[in-house]
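Got your viewer open? Grab the mouse and get ready to click through some strands, turns and odd backbone angles.

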Amino acid sequence: MSHHLWHRPRTAEPDGTGHGTHKVSFSDSSKSSKRDSGRPSSASNSRPSSPRILSPSGERGGRGASASGGDRDRLRPQQLWSDSRAWQRVNRQSEALWQENPNLLSPSPQQARPFLIYHDSFLSLLGPAPTLSLLISDPRAPYFHEAGVFHAPTNTLFVTSNRIPDPSPDAVTTHNKTIVVTKIEFFSPTDFTRDRVRCPERNYMANGGTNYRDGLILCAQGSLREPAGLIYMEAKRPHKTVTLLNNYHGRPFNSPNDVVVHSDGSVWFTDPVYGHEEGFRPKPQLPQHVYRFDPATGDIRVVADGFGRPNGISFAPGEDTVYITDTDYIHGDGTKDLKRAATIYAFSIFWEQDQPYLTNRRVFAYADTGVPDGIKCDVYGNVYAGCGDGINVWSRGGMLIGKILIEGGCANFCFGRGGEMWCFGENKLWRVKLGDETKGAILGI
């Protein structure tokens with residue numbers, strides 16, 4: 001082992017090898033298509049001796065936690081290397097608890113250590129043999145960008161692309177760009193079919209999405225002619241669509257970006273101005289709000305404002321907290337400013353007169369590389385976000401506990417079954433396998 005003094009971890013640079021063996025068809029499918037339990041009690045302002053991290057075992061610190069408490073939980077600027085493991089450790093004080101095991105190697109030799117350990121609680125989430133593998137690399141277009149909705153009954157993953165050049169006459173209202181919805185039906189982790197979804201109604205510039213009833217909700221960003229809003233799409237062919245919402249009391253939305261569904265049936269979504277900045281939406285007529293829509297009553301109201309660019313949104317397990325990302329660091333015209341937000345905010349959900357309000361806005365985390373785009377929680381309350389260097393993972397108390405390093409970063413991702421994740425890297429679709437008990441909070445499978 002050799003010691004390296006760093007200010008922060010650096011990432012590996014894979015070349016995209018490690019494809020799984022799979023069946024691929026790319027055809028139109030239209031023919032057939034409670035607050036952090038680790039905090040001290042309110043009765044005391046004393047600082048706990050060491051951070052409390054929820055893990056699959058439910059124990060303080062998770063598997064491999066240091067028994068001596070605070071000093072061993074603090075980060076150190078030195079890093080221990082071990083080329084035989086799939087992970088690398090940032091905390092110098094923590095000793096390696098795993099024995100030499102060839103199963104810990106990443107399936108992609110060029111990225112031999114894709115899992116970066118900031119706190120031992122991350123080990124419990126990784127499980128005994130975590131892997132990162134490249135399922136698809138398609139240089140034709142950035143087909144793997146946003147949404148990420150896993151429909152468990154059909155074992156199908158839905159993904160939306162980034163903007164793709166479109167010379168057709170209809171694309172003039174979308175600045176000669178289009179967005180493709182792809183469905184991937186899995187028969188095994190590396191055996192699948194891939195199809196382009198053709199909805200009976202055109203889906204205008206789809207972006208974020210989430211599970212809803214027997215299908216999914218997609219954020220339709222709209223065009224210069226078509227309104228923006230939320231649409232419901234059936235998960236099974238022919239993928240019929242229904243518009244759920246396309247205005248705020250008569251005023252057009254900007255370009256809805258991400259969406260999540262509360263257990264009471266309400267739909268919460270963000271609405272930044274990226275569509276206008278990218279040239280396919282008219283001048284904004286609303287601020288950049290976060291909304292709550294109740295399909296049962298038709299009620300639509302603003303629940304949060306004051307963002308530079310509201311983006312990802314996710315509820316904590318128990319739904320006492322909602323996390324909202326602000327990606328103001330990068331604008332739709334491509335300009336970046338390090339002084340702007342790349343921040344995850346947490347809000348407490350307070351109920352009054354049978355209606356929810358957001359209170360206690362606070363900074364939960366700040367991404368050190370790129371912006372925190374898509375955001376999701378696992379069943380233990382840990383928070384995952386797609387960032388410029390891959391997936392960053394924080395404890396429910398806001399401590400960075402680990403990273404999954406992915407070449408080129410990751411805009412969004414999705415949990416599958418039993419510790420499986422799919423991560424979207426524009427032209428590349430990655431598969432991550434964590435511990436079997438590490439499950440996404442939305443489906444809990």
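What follows is a walk through a predicted model, one selection at a time.

**Stop 1: a strand on the inside**

Start by selecting residues 390-394, which make up strand 27. Is this strand buried or exposed? Five of its five residues are buried, so strand 27 is largely enclosed by the rest of the structure. "Buried" here means a relative accessible area under 20%.

Now add residues 383-387, which are strand 26. Strands 26 and 27 run antiparallel, and five bridges join them. For one pairing to look at, click G386: its bridge partner in strand 27 is I391. Follow the chain from strand 26 to strand 27 and you'll pass through a hairpin of two residues.

Next, select residues 400-405 to bring up strand 28. Strand 27 is joined to strand 28 by five bridges too, and this pair also runs antiparallel. Click W394, then look for L400, its bridge partner in strand 28. The hairpin between strands 27 and 28 has five residues in it. Pause on G398 in that turn, where phi is positive, at about 95°.

**Stop 2: an open sheet of four strands**

Move on to strands 17, 18, 19 and 20. In what order do they line up? They form an open sheet in the order 17-18-19-20, with antiparallel pairing. Select 259-261 for strand 17 and 299-304 for strand 20: these two stand at the edges. Each has a single partner strand, so one side of each is left without a neighbour in the sheet. Rotate the view and check how the strands sit against each other: neighbours are turned by 25° on average, ignoring direction.

Then zoom in on residues 290-294, strand 19, which pairs with strand 20 in the antiparallel sense over five bridges. Highlight V290 and you'll find A304 of strand 20 standing opposite.

While you're looking at strands, here's a handy rule: in a regular strand the side chains alternate between the two faces of the sheet.

**Stop 3: another open sheet, with a cis bond**

Now for strands 13, 14, 15 and 16. These four form an open sheet in the order 13-14-15-16, again paired antiparallel. Its edges are strand 13 (206-212) and strand 16 (241-245); each has a single partner strand, so one side of each has no neighbour in the sheet. In this sheet, neighbouring strands are turned by 30° against each other on average, direction ignored.

Select residues 229-234 for strand 15, which runs antiparallel to strand 16 and is joined to that strand by four bridges. One spot to click is I231, which stands opposite T243 in strand 16.

Travel along the loop between strands 15 and 16 until you reach P238. What kind of peptide bond joins R237 and P238? It's a cis bond, with omega at about 10°.

**Stop 4: two positive phi angles**

Last up are a couple of residues that aren't glycine but still have a positive phi. Select A147, where phi is near 65°. A147 belongs to strand 7, residues 146-151. Its relative accessible area is 2%, so A147 counts as buried.

Then jump to Q353, whose phi is also positive, at about 55°. Q353 lies in the loop between strand 23 (343-352) and strand 24 (355-366). Buried or exposed? With a relative accessible area of 70%, Q353 is exposed.

Methods: Residues are numbered from 1 along each chain as its sequence is written. This is a predicted model: local features need pLDDT of at least 70, side-chain atom pairs count only at pLDDT 80 or more; totals for chains, interfaces and linings use all residues. Side-chain values use heavy atoms; hydrogens and water are left out. Buried means under 20% relative accessible area, exposed over 50%, partly exposed in between (1.4 Å probe, protein chains only). Two strands pair if DSSP finds at least two bridges between them. Axes are lines fitted to C-alpha atoms, for helices over the stretch in contact, and angles run from 0 to 180 degrees between N-to-C directions.
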